[in-house]
Amino acid sequence: MPEMPEVETVRRGLEEIVVGKTVASVTVTWPRIVQAEGGLEAFENRMPGQQLMKVGRIGKFLLFYWTDVVWIAHLRMEGKYLYEKQDTPVDPYTHVICHLTDGNDLRYRDVRKFGRIHMVDKADTDAAIAQLNLGPEPADLNFEDFKARLMRTKRPIKAVLLDQSVVAGIGNIYADEILYEAKVHPQQIGASLYDHEITAIIEASRDIIQAAIAVGGTTIRTYTNTFGENGHFANYLKAYGQTDNPCQRCGTPIEKIKVAQRGTHYCPHCQTIHE
DNA sequence: AGAACTTCCTGATCGC
DNA sequence: TGCGATCAGGAAGTTC
């Protein structure tokens, strides 16, 4: 599932191969994926002639800056952008296609149809981004602000890390990795965290996200980048998906539990709960 | 206001 | 072996 490192990898791929291309027409076969003022019709009417100027990212959202509209897009679980020749057969999981003037397509493929492409007027970009209500990214976490936010919640830390308004970009895989690295129990209540644990979480967030970006993200099940390549961070996972495998620090088998309705992996010896 | 629950989707996996 | 039930999960919407 794409989290910030995977989205960043996709962004870099799109920058490399799609920036500069111009849309001739669009085909949408699952309308719910596209959200635009004026609906699908506005999207279909507006996109032809748009040239992709650059691709940005905020948290797990991709930002496609076209000539005079912007897409604020989310891959959710399995969304992918593919750049393919127009004579390549279109599979049933492709739901949005931008036919480009260079003879290729920019295709949005999403088996579960959870992803979204929100088109806004260029002038409304800042307001639309503000509406996402995203917190700082891991690299920009500030101890005092993060602590203040933690001190007023009774939610378990795992749920807090998944809350995009607290930290933007962390999903289920990296939340488990961060808490493992910081030696904090996923069910530890936010308001009960010690300062040294908060510091450890901030540092682990920064380090793990950065390390994952450096190797192209994590491929679990289905993620690939725009070139169809896997990310390699799965080779470095120490908690996520490691159920029953020995903890790399102490050898205790990694356990899997549910926290905030999410599958959660942790070491019951290294990550213990306290008052 | 904050927190929890529901919904959207479909392929993979589980249990009998 | 076969088949129905359950699981996986991010964020928006709804409810309490």
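Two strands are taken to pair if DSSP finds at least two bridges between them, and on that basis five strands of this predicted model form an open sheet in the order β2-β9-β5-β4-β3, with mixed pairing. A further open sheet, of four strands, runs in the order β1-β7-β8-β6 and is paired in the antiparallel sense. The model also holds two DNA strands, B, with Tyr93 among the residues around it, and C, which is surrounded by 15 residues.

**The five-stranded sheet**

- At the edges of the sheet ordered β2-β9-β5-β4-β3 stand β2 (34-36) and β3 (52-58), each of which has a single partner strand, so that one side of each is left without a neighbour in the sheet.
- Direction ignored, neighbouring strands of this sheet are turned against each other by 20 degrees on average.
- Within the sheet, strand β4 (residues 61-66) is joined to strand β5 (residues 69-74) over five bridges in the antiparallel sense, and Phe64 has Trp71 of β5 as its bridge partner.

**The four-stranded sheet**

- In the antiparallel sheet with the order β1-β7-β8-β6, the edge positions are taken by β1 (23-28) and β6 (80-85), and because each has a single partner strand, one side of each is left without a neighbour in the sheet.
- The average turn between neighbouring strands of this sheet is 20 degrees, direction ignored.
- The pairing of β1 with strand β7 (residues 94-100) is antiparallel and extends over five bridges, with Val28 standing opposite Val96 in β7.

**The second largest pocket**

- The second largest pocket has a volume of about 200 Å³, and its lining includes Ala36, Glu37, Arg46, Asp124 and Gln131.
- At least two lining residues come from each of α2 (39-46), β9 (116-121) and α3 (125-131), and β9 gives the most to this lining, with four residues.
- By residue class, the lining of this pocket is made up of five nonpolar, two polar and four charged residues.

**Surroundings of DNA strand B**

- The residues around DNA strand B include Trp30, Arg32, Val111, Lys113, Phe114, Arg152, Thr153, Lys154 and Arg155, and of the atoms of this strand that come within 4 Å of the protein, sugar and phosphate account for 70%.
- A polar side-chain atom of Tyr93 lies 2.5 Å from a phosphate oxygen of DNA strand B, while an N or O atom in the side chain of Gln261 is 3.3 Å from a phosphate oxygen of that strand.
- The backbone also takes part, in that a polar backbone atom of Arg112 is 3.4 Å from a sugar or linking oxygen of DNA strand B.
- The surface near DNA strand B divides into four nonpolar, two polar and six charged residues.

**Surroundings of DNA strand C**

- Of the 15 residues that surround DNA strand C, the closest are His74, Arg76, Arg112, Tyr240 and Lys256, and Arg112 is also listed among the residues around DNA strand B.
- Sugar or phosphate supplies 60% of the atoms of DNA strand C within 4 Å of the protein, and the rest belong to bases.
- A base nitrogen of DNA strand C is 2.9 Å from an N or O atom in the side chain of Arg262.
- Phosphate oxygens of this strand are approached by a polar side-chain atom of Gln164, at 3.3 Å, and by a polar backbone atom of Gly263, at 3.3 Å.
- β10 (255-259) and β11 (262-266) each supply at least two residues of the surface near DNA strand C, a surface that comprises five nonpolar, four polar and six charged residues.

How values were computed: Residues numbered from 1 in each chain as written. Chains lettered and ligands numbered in written order. Predicted model: local features only at pLDDT ≥ 70, side-chain atom pairs only at ≥ 80, totals over all residues. Heavy atoms only, no water. Axes fitted to C-alpha atoms, helices over the stretch in contact; angles between N-to-C directions. 1 Å grid on protein atoms, 1.4 Å probe; cavity = no way out; pocket = protein on both sides within 12 Å on 5 of 7 lines; lining within 4 Å. Points joined across faces, edges and corners; volume = space filled by probe spheres on them. Nonpolar A, V, L, I, M, F, W, Y, C, P; charged D, E, K, R; others polar. Near = heavy atom within 4 Å. Polar contact = N/O pair within 3.5 Å; in protein donor to acceptor, adjacent residues only side chain to side chain.
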